Amino acid sequence: MNNVNKVTEQTWRDEVFPEWGTWLNEEIDRFEVPNKKFAMWWLVNMGLWIKSDKQTNITIDLWCGTGKTTHDKSDMSPRHQWSRLTGGRKIQPNLRAQPMVINPFAIHKLDAYLVTHFHHDHIDMNVAAAILQNVKEKIPFIGPKYVVDQWIKWGVPKDRCRVVKPGDTIHIKDIEIDVTDSFDRSVLITDPDNEKIPSDGDIPDMDLRSVNYVIKTNAGTVYDAADSHFSSYFAKHGKDFDIDVAIVAYGENPVGVQDKMTSIDVLRTAENLNTKIIIPLHWDVWTNMLGDPTEIEKLWQMRREKFNYQFHPFSWLPGGKFLYPDDQNKLEYYHDRGFEDRYSHPVNLPYKSFL
């Protein structure tokens, strides 16, 4: 665009959105995972991409949507989970705080698409459409019953969907995925759009609504706790599985709300799961629940000697890559700073003291 008179709102959107373009898509496609290693990329919120050393690709809870975009929204219904929890009706000011780091319509190499539960920031019609349109292989859509029901309602072919529940095991090429219990109490008071509204006295079945995943690769195991709150039953999962990296949902809960793990919950979860590394996600995306993972690290520093912690936290950034086991001792991620080719050509300066 070289003329201001040709610029429109649509040309502006086409030029700047998604903010990262296909940069991350290209990085994932071009990165060859070495033998006995696995790679992960954080796709914002709880979105996760895992690639094995056999170059098998799975993505979990990839979401490319948004939060509030206008003040002119109606109040929450009495059946909304936050209405049920707080007794409030005003819409929550949850604006999206992170850019779109991946373009779902530029995904061409994928072996399975997994979703943990049906909350709108974990399941996405745009992602489902992009996979159906652009991934040539008829890869499976995997999730609990309520997730699959949503996909089918959107038009995803039923034969592409697989309903899973705790106790199931799935094989995606060289990756084994064990389905485990979820501890997401928020999803229990979330009513999907349906004709029948349950009474407050109804006791929902968690296994139909939400699950956790244990992803086993040739190089190590990842436990994805999705939006689970802290549960002492994590200790059972820590006995059942040999976990190298655990992914949990952390954030700053507004007054009267218990939705994300707190910093102490993150440490307790790591200890119960007997993991080597705990990675908090979800703290990044909502303006009204932004967390600070350095708080977790400071609390870990305070407690590690007293309780003989055998794990450490890792502070990630959206769009960042984590390579295991290479990055297993890192405490904090930072994006590539560039300029590695400095002084590979003559500098062009009037005098050296300019520097």
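## Helix 2

On one side of helix 2, Trp23 and Arg30 are exposed. This is a predicted model. The buried residues of helix 2, which spans residues 23-30, include Leu24, Asn25 and Ile28. These residues lie on the same side of helix 2, because the arc they cover around the axis is only 105°. Trp23 and Arg30 are on the other side.

Several strands help to cover the buried residues of helix 2. Among them are strand 1 (38-42), strand 2 (48-51) and strand 3 (57-60).

## The seven-stranded sheet

The model contains an open sheet of 7 strands with mixed pairing. The strand order in this sheet is 7-8-9-10-11-12-13. Strand 7 (169-172) and strand 13 (312-313) are the edge strands, and each of them pairs on one side only. In general, the strands of a sheet pair through backbone hydrogen bonds, in either a parallel or an antiparallel sense.

## Strand 10 and its partners

Strand 10 covers residues 221-224. Thr221 and Tyr223 point one way from this strand, while Val222 and Asp224 point the other way. All four of these residues are buried. Alternation of side chains between the two faces of the sheet is what a regular strand shows.

Strand 9 (residues 211-216) and strand 10 run antiparallel and are joined by 4 bridges. The two form a hairpin, with 4 residues between them. Within this pairing, Ile215 has Val222 of strand 10 as its bridge partner. Strand 10 also pairs with strand 11; here the strands run parallel and 3 bridges join them. Val222 takes part in this pairing too, with Val245 of strand 11 as its bridge partner.

## From strand 10 to strand 12

What kind of unit do strand 10, helix 8 and strand 11 make? Together they make a β-α-β unit, and the unit is right-handed. Helix 8 consists of residues 234-240.

Strand 11 pairs in the parallel sense with strand 12 (residues 277-281), over 5 bridges. One of the bridge pairs links Ile247 to Ile279 in strand 12.

## Asn253 in a loop

Asn253 is placed in the loop between strand 11 (245-249) and helix 9 (263-273). Is Asn253 buried or exposed? Its relative accessibility is 18%, so Asn253 counts as buried, the cut-off for buried being under 20%.

The side chain of Asn253 reaches two backbone nitrogens. The distance to the backbone nitrogen of Asp259 is 2.9 Å, and that to the backbone nitrogen of Lys260 is 2.8 Å. With residues up to four places away in sequence left out, Asn253 touches Gln258, Asp259, Lys260 and Thr262. Asp259 and Lys260 are thus named both among the residues touched and as the sites of the backbone nitrogens reached by the side chain.

## Asp111 in a loop

Asp111 is located in the loop between helix 3 (81-86) and strand 4 (112-114). With a relative accessible area of 16%, Asp111 is buried.

Which side chain does the side chain of Asp111 join through a polar contact of 2.8 Å? The partner is the side chain of Lys173. Lys173 also appears in the contact list of Asp111, which leaves aside neighbours within four places in sequence. The other residues in that list are Gln55, Thr56, Asn57, Ile139, Pro140 and Ile172. Asn57 belongs to strand 3 (57-60), and Ile172 to the edge strand 7 (169-172).

Technical notes
Residues are numbered from 1 along each chain as its sequence is written. This is a predicted model: local features need pLDDT of at least 70, side-chain atom pairs count only at pLDDT 80 or more; totals for chains, interfaces and linings use all residues. Side-chain values use heavy atoms; hydrogens and water are left out. Buried means under 20% relative accessible area, exposed over 50%, partly exposed in between (1.4 Å probe, protein chains only). A polar contact is a pair of N or O atoms within 3.5 Å; within protein, one must be able to donate a hydrogen and the other to accept it, and residues adjacent in sequence count only if both atoms are side-chain atoms. Contact means heavy atoms within 4.5 Å. The arc is that of the directions from the helix axis to the C-beta atoms. Two strands pair if DSSP finds at least two bridges between them. A crossover is right-handed if, with the strands pointing away from the viewer, the path from the first strand over the helix to the second runs clockwise.
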